[in-house]
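Colleague: I have the sequence and the model open. Can we go through it place by place?

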There are 2 protein chains.
Amino acid sequence: MIKDGLKRDIEFIVELDKMKSILRQTNLIDKSRREDDAEHSWHISVMAMVLSEYANENIDVCKVIKMLLVHDLVEIYAGDTFCYDVEGNKSKKKRELEAADKIYGMLKEDKGQELRNLWDEFEEMKTKEALFAAAMDRLQPLFSNYYSDGGTWKKFNVTKAEVYKRIAPIEKASDELWEFTTNMIEDAIKKGYIKE
Amino acid sequence: MIKDGLKRDIEFIVELDKMKSILRQTNLIDKSRREDDAEHSWHISVMAMVLSEYANENIDVCKVIKMLLVHDLVEIYAGDTFCYDVEGNKSKKKRELEAADKIYGMLKEDKGQELRNLWDEFEEMKTKEALFAAAMDRLQPLFSNYYSDGGTWKKFNVTKAEVYKRIAPIEKASDELWEFTTNMIEDAIKKGYIKE
């Protein structure tokens, strides 16, 4: 006899397949196509494993990984909002809150709430784990752009000020990663990938 | 001054982008295209979070997730070997061991070894965490096939005996997931997705 909770878990897992069809603006480094949410979520989760030693504070890396694995689930219904899309970002919060109710509501109450709490914590960006998770989320597309001759920076004429605003969590999360990131960005400006 | 270890970490992270271009035989549930290794690794990592309560033994879910995040990295160099490809599986072990030396060798010794240990443990499939991780790895493509009218089962004329051999870790890892899985497979046989 299969329990109702397990049936709901499976329906949730099957629904998550849609993450593989939510496209981000960022391209793969080999420029072959745009990256999707499932790929991005995997990449930043491994990054957290590899880079946690550089966190300024002692962090619970397991919690960071769990946060990163679910941080974009709302985009199954709310879609990916490009970080430099001013109009889209005005309605983003409302769309994502409705999506969160829907996707986490698929699970039984306690389990849905546990995952929802991870997403809420990530979004609030106040705890040291949420900050480090946000740093991974901001850092990964920089690699995609830098190692593909400018990527979306060039395509959308992104300015230095916009990039620095976007990556602020990295500065708070890790001095070493911040030093690395600023070096990379200054070099990207020199190369003409990012506008002064 | 950027440390050598951090530079190597970044090179490793950039190299991992290639996981997004390693195609598996399995299709997405919507049948639009084949799934890649990054997507698969993400999906089974979230599955471990959601399904860990059904493990027969008390497992360290964080370790399971870390194992699943890196379990396919060797395929960057060794390629994906289809589980029902008899010839390909003869040379798989040798190819993957060489690939493991290469990919984990990109990192500094202690960090490379830590990740390599996770992969070795997964491959040996002896600990309760490795068994549960293998169960996730085997279960996810069943969903892809079942919810897309037979998928690779039908395409490659896979038999009931082949499927049951492949999914053996699920039986050892979780009674509840095993019951669910066998129900699904018996139904897939009735529907003509899997050959008797």
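Colleague: In which loop is M125(B) found?
Modeller: This is a predicted model. M125(B) has a positive phi of about 50° although it is not a glycine. At 29% relative accessibility, it counts as partly exposed. Its place is the loop between helix 6 (109–124) and helix 7 of chain B.

Colleague: Is helix 7 of chain B largely enclosed, and how many of its 19 residues are buried?
Modeller: Buried means under 20% relative accessible area. By that cut-off the helix is largely enclosed by the rest of the structure, because the buried residues number 18 of the 19.

Colleague: How far apart are the end C-alpha atoms of helix 7 of chain B?
Modeller: The helix covers residues 128–146. At 1.5 Å a residue, its 19 residues should span 27 Å. The model agrees, with end C-alpha atoms apart by 27 Å.

Colleague: Which residues have the most contacts inside the largest nonpolar core?
Modeller: That core has 132 residues. M136(A) shows what such contacts look like: leaving aside neighbours within four places in sequence, it touches I44(A), M47(A), A48(A), L51(A), L68(A) and L177(A). Those with the most contacts inside the core are L51(A), M136(A), L51(B) and M136(B).

Colleague: What relation superposes chain A on chain B?
Modeller: Two copies of a chain are related by a rotation about an axis and a shift along it. Here the rotation is 180° and the shift along the axis is 0.0 Å, with an RMSD of 0.0 Å. That is therefore the relation of a two-fold axis.

Colleague: What percentage of the contact residues of chain A recur in chain B?
Modeller: The same surface serves both copies. The share of chain A contact residues that recur in chain B is 100%.

Colleague: What covers the buried residues of helix 1 of chain A?
Modeller: The buried residues of this helix are G5(A), L6(A), D9(A), I10(A), F12(A), I13(A), V14(A) and E15(A). Their cover draws on both chains. From chain A it includes helix 4 (75–78), helix 5 (86–104) and helix 6 (109–124). From chain B it includes helix 2 (37–51), helix 7 and helix 11 (175–190).

Colleague: How far does helix 1 of chain A reach from its first C-alpha to its last?
Modeller: The helix has 12 residues. At 1.5 Å a residue, 16 Å is expected. The model comes close to that, reaching 17 Å.

Colleague: With which residues is R8(A) in contact, leaving aside its neighbours within four places in sequence?
Modeller: R8(A) is found in helix 1 (residues 4–15) of chain A. At 27% relative accessibility, it counts as partly exposed. Its C-alpha is 43 Å from that of V158(A), 150 residues away along the chain. The contacts of R8(A) are G105(A), M106(A), L107(A) and K108(A).

Colleague: Is T181(A) buried or exposed?
Modeller: T181(A) lies in helix 11 (residues 175–190) of chain A. Beyond its neighbours within four places in sequence, it is in contact with L139(A), L142(A), I167(A) and I170(A). Its relative accessible area is 0%, so T181(A) is buried.

Colleague: What separates the C-alpha atoms of T181(A) and L16(A)?
Modeller: Along the chain the two are 165 residues apart. Between their C-alpha atoms the separation is 32 Å.

Colleague: How far apart in space are D60(A) and K128(A), C-alpha to C-alpha?
Modeller: D60(A) sits in the loop between helix 2 (37–51) and helix 3 (61–70) of chain A. It is partly exposed, at 38% relative accessible area. In sequence D60(A) and K128(A) are 68 residues apart. In space the distance is 8.8 Å.

Colleague: Where does N157(A) lie?
Modeller: N157(A) is not a glycine, yet it has a positive phi of about 50°. It is partly exposed, with a relative accessible area of 49%. N157(A) lies in the loop between helix 8 (151–155) and helix 9 (160–166) of chain A.

Colleague: How many disulfides does a search of the whole structure find?
Modeller: Two cysteines of chain B can be placed by exposure. C62(B) is buried at 14% relative accessible area, while C83(B) is partly exposed at 30%. Over all chains, the number of disulfides found is zero.

Colleague: What is the mean pLDDT of chain A?
Modeller: The model scores ipTM 0.97 and pTM 0.97. In chain A, 100% of residues reach a pLDDT of 70 or more. The chain A mean is 96.

Definitions and conventions: Residues numbered from 1 in each chain as written. Chains lettered and ligands numbered in written order. Predicted model: local features only at pLDDT ≥ 70, side-chain atom pairs only at ≥ 80, totals over all residues. Heavy atoms only, no water. pLDDT = per-residue confidence, 0-100. Disulfide = S-S within 2.5 Å. Buried < 20%, exposed > 50% of the residue type's maximum accessible area, 1.4 Å probe, protein only. Least-squares fit on C-alpha atoms with pLDDT ≥ 70 in both. Contact = heavy atoms within 4.5 Å. Core = buried A, V, L, I, M, F, W, Y, C linked by side-chain atoms within 4.5 Å. Helix = DSSP H or I, 4+ residues; strand = E, 2+ residues; numbered from the N terminus. Expected span 1.5 Å × (residues − 1).
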